[in-house]
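Reader: I am new to this structure and would like to learn how to read it step by step. Could you take me through its features one at a time?

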Amino acid sequence: MNCGNQFVERLKAIGYPKAAELNGEDFDWLFETVEERSFLEWFCGNVNEQHVLSEKELQDFKTLLKSGKPILEEKALDEVLKTCKSLDSKANSQQEGELQKLEDELQALQKMKNLKIHRRNKLQMMASSNSRMLQKLNDEAEEAVKTLKEKQGILSMSNNNINNELQSITEGVKKLTSFFTASDSEQGIGSHPVFLSQLALDKYLRQEEQSTAALTAYTKKQFFQGISELVESSKEENFQLVDISNSFISDEHNEVREDRCEMIRLQMAYVCAQHQLIQLKANDLSMNSALQWADNTLQSLKNKIIGEEHLETRISSLNSEISSIKKHLTQINNETLPALVKENAQLLNMPVVKGDFDLQIARQDYYTSRQDRVCDQLIKQKASFEFLQLAYEIELKKHRDIHCQLEKLIQDLKQYSKALEQRLEMMSDPLISQHTFPRNTIDSRDDASHRLYRLLEGEDQKQQLFRTHEGLEHEAQKLKQDTVSVQDQLAVSSQEQSLFLSNLDTDLDTLCDSLYCGGNQILLSNQELTEQFHQLEVHLNKLNQLIMDLLADVKAKRKILETSSLLQLERKLYVYFFKDEDHLKEVVENVEHQSKAQTIGL
């Protein structure tokens with residue numbers, strides 16, 4: 001028990017009127033030292049109800065103070081008592097005459113006294129023995145009453161603390177159960193739900209249904225019937241360069257066949273037009289060349305007269321050239337020109353194919369963008385649903401954990417209640433609660449006292465056959481002394497720590513003075529320090545170089561180890577050798593068995 005609580009309980013025990021309003025924790029600071037605690041022990045051990053003034057005595061003292069009469073204290077009071085004794089002596093002198101008469105009567109009664117002396121002597125031995133026994137019993141009764149009051153105070157304090165804790169636990173349990181057992185009226189408008197499972201999902205479900213309906217309508221509108229066939233028709237084989245010489249394929253689709261026929265017609269028209277154009281251009285060029293030759297010939301005839309023989313030879317040579325040119329032209333018309341026109345005709349449908357491909361790519365992009373949009377919306381809905389499901393699962397897991405903890409708590413409380421019932425039943429046993437004679441030994445059924453004794457005794461003590469209350473009190477006193485010694489040691493250590501800190505502060509001041517020398521800039525011009533720093537830097541550079549070399553060596557060895565399976569096996573064997581010898585033996589035995597099996601097979 002705390003010192004403050006013990007002080008307040010003693011005030012309650014002696015009948016202090018306002019003791020119920022006091023809090024024991026507010027008086028703990030009054031009893032921190034050993035002297036103050038010794039005063040508290042003296043106060044609790046010696047002060048009782050007799051030292052407390054009654055209300056009547058306090059009222060009489062207050063009326064005496066209000067009357068204004070002087071109050072005698074210390075020396076004045078001693079002098080007044082001496083005068084009272086002198087007055088008593090005067091009164092005694094006046095009564096001497098009466099005493100003389102009484103002496104006569106005393107002589108008469110002396111005879112009767114002598115007769116009863118013998119009887120008194122007989123009873124004196126019995127009375128003295130009984131008085132001694134009675135005094136001893138009274139002392140024990142006072143001690144028992146004192147300890148009983150102290151124990152009752154301690155029990156009342158512990159009972160109050162337990163009641164307060166139980167009250168707080170019951171309030172917490174009520175709040176916890178109110179979270180789980182909230183009625184429908186409490187979950188209505190204005191309530192604040194605690195768990196996710198208490199929230200209504202009608203609004204969320206309506207929004208999800210509306211978004212699903214809108215998405216369905218949008219999907220039906222965008223992905224109408226036949227769009228898949230339109231997208232699937234954009235295949236590469238539907239847009240090939242058409243060869244005029246090839247025949248039609250019988251198993252093609254009607255639309256593809258029509259497209260191919262249309263392209264063939266365009267190519268045939270292009271071939272015919274190109275043929276006519278080439279013929280016309282050739283005729284035009286031949287006519288122009290003939291006219292130019294005629295002009296040149298006429299001009300030469302005008303300038304000089306050529307002989308007939310020379311003209312004939314010229315005509316024959318020209319005829320031979322014309323024949324060779326005609327052969328070359330026939331070769332060009334029959335072989336080179338048709339091939340070139342055919343190639344150009346095949347390239348004629350390139351813009352058409354490109355336009356069709358561009359149209360199909362645009363359709364594909366539009367179709368995929370709408371698909372991505374619908375997929376994004378579906379993913380959002382799925383993510384929200386999965387997020388809500390995950391939140392419900394997490395909350396369910398937490399509820400299960402709380403349920404398991406509460407079940408465990410209920411089981412523990414049941415066990416504690418059973419143990420408490422057994423303890424109460426044991427304490428209600430007349431053999432323990434009522435003793436005709438006080439027992440010094442602790443009963444074997446008093447488990448609480450035995451556990452307390454083992455707790456105070458420790459684990460290193462020898463097992464005793466009988467445990468006494470005196471031994472329990474001795475162990476408690478020893479624990480108290482150990483606590484006081486530990487507190488003293490802590491006080492000494494705190495003083496030593498404060499002294500060490502003060503010395504450290506002084507050393508730090510001297511170090512700052514030696515480094516700064518009364519200025520604001522640090523001075524590190526000491527030759528020894530510079531040499532040591534230089535050596536330290538050199539060592540650090542060497543260490544860094546060694547580390548870099550070591551890392552390079554490790555990387556090279558790792559590369560070699562990755563490429564060589566034999567080295568990997570060797571490394572594993574070394575690891576087994578240093579860490580797991582049993583596993584190394586197993587590996588070696590397996591290798592030996594395999595080698596033996598191979599040799600036997602060979």
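**Reading the model**

Author: Let us begin with a single residue, and keep in mind that this is a predicted model. Leaving aside its neighbours within four places in sequence, Cys44 is in contact with Gln6, Arg10 and Lys146.

Reader: Which residues make up the largest nonpolar core, and is Cys44 part of this set?

Author: A nonpolar core is a set of buried residues joined through side-chain atoms within 4.5 Å. In this structure the largest nonpolar core has eleven residues, namely Phe7, Val8, Leu11, Ile14, Ala19, Phe27, Phe31, Leu40, Phe43, Cys44 and Val47, so that Cys44 does belong to the set. Helix H1 (3-13) and helix H2 (34-46) are the elements that give two or more residues to this core.

Reader: Which residues of H1 are buried, and what follows the helix?

Author: In H1 the buried residues are Gly4, Asn5, Phe7, Val8, Glu9, Arg10 and Leu11. H1 is followed by Gly15, which has a positive phi, near 90 degrees.

Reader: What share of the residues in the protein chain is buried, and how many helices and strands are there?

Author: Of the 602 residues in the protein chain, 10% are buried. The chain has 16 helices and zero strands. Its accessible surface comes to about 50,900 Å², and carbon and sulfur atoms account for 58% of that area. Among the contacts with a separation of 6 or more, 57% are between residues 24 or more positions apart.

Reader: How should I read a salt bridge within a helix, and where does Glu9 find its partner?

Author: The general idea is that an α-helix has 3.6 residues a turn, so residues three or four places apart point the same way. In this structure the side chains of Glu9 and Lys12 meet in a salt bridge, at 3.9 Å from N to O. Glu9 and Lys12 are separated by about one helical turn, because they are three residues apart in helix H1. Glu9 counts as buried because its relative accessibility is 15%, whereas Lys12, with a relative accessible area of 41%, is partly exposed.

Reader: How many salt bridges are there by this rule, and which residues pair in helix H10?

Author: The count comes to five salt bridges. One of them joins Glu386 and Lys382, whose closest N and O atoms are 3.9 Å apart. Both residues lie in helix H10 (residues 350-427), four residues apart, which is about one turn of the helix. Glu386 is partly exposed at 41% relative accessible area, while Lys382 is exposed at 53%. Another salt bridge links Asp401 with Lys397, with the closest N and O atoms 3.5 Å apart, and this pair is likewise four residues apart in helix H10. Asp401 counts as partly exposed at 37% relative accessibility, and Lys397 as exposed at 53%.

Reader: How can I check the span of a helix such as H3, and what comes after H3?

Author: Helix H3 (residues 55-67) has 13 residues and, at 1.5 Å a residue, should span 18 Å; its end C-alpha atoms are 18 Å apart, which agrees. Gly68 follows H3, and its phi is positive, near 85 degrees.

Reader: Which residues form a nonpolar patch on the surface?

Author: Phe533, Leu536, Leu540, Leu543, Ile547, Met548 and Leu551 form such a patch, with about 680 Å² of accessible area together. Met548 lies in helix H14 (residues 527-563), and Met548 counts as partly exposed because its relative accessibility is 48%.

Note on methods: Residues are numbered from 1 along each chain as its sequence is written. This is a predicted model: local features need pLDDT of at least 70, side-chain atom pairs count only at pLDDT 80 or more; totals for chains, interfaces and linings use all residues. Side-chain values use heavy atoms; hydrogens and water are left out. Patches are made of residues with over 30% relative accessible area and no salt bridge: like charges are joined within 9 Å, nonpolar side chains (Val, Leu, Ile, Met, Phe, Trp, Tyr) within 5 Å. Accessible areas come from the Shrake-Rupley method with a 1.4 Å probe; for residues, only the protein chains shown count as cover. A salt bridge is a side-chain nitrogen of Lys or Arg within 4 Å of a carboxyl oxygen of Asp or Glu. Buried means under 20% relative accessible area, exposed over 50%, partly exposed in between (1.4 Å probe, protein chains only). The expected span of a helix is 1.5 Å times one less than its number of residues. Contact means heavy atoms within 4.5 Å.
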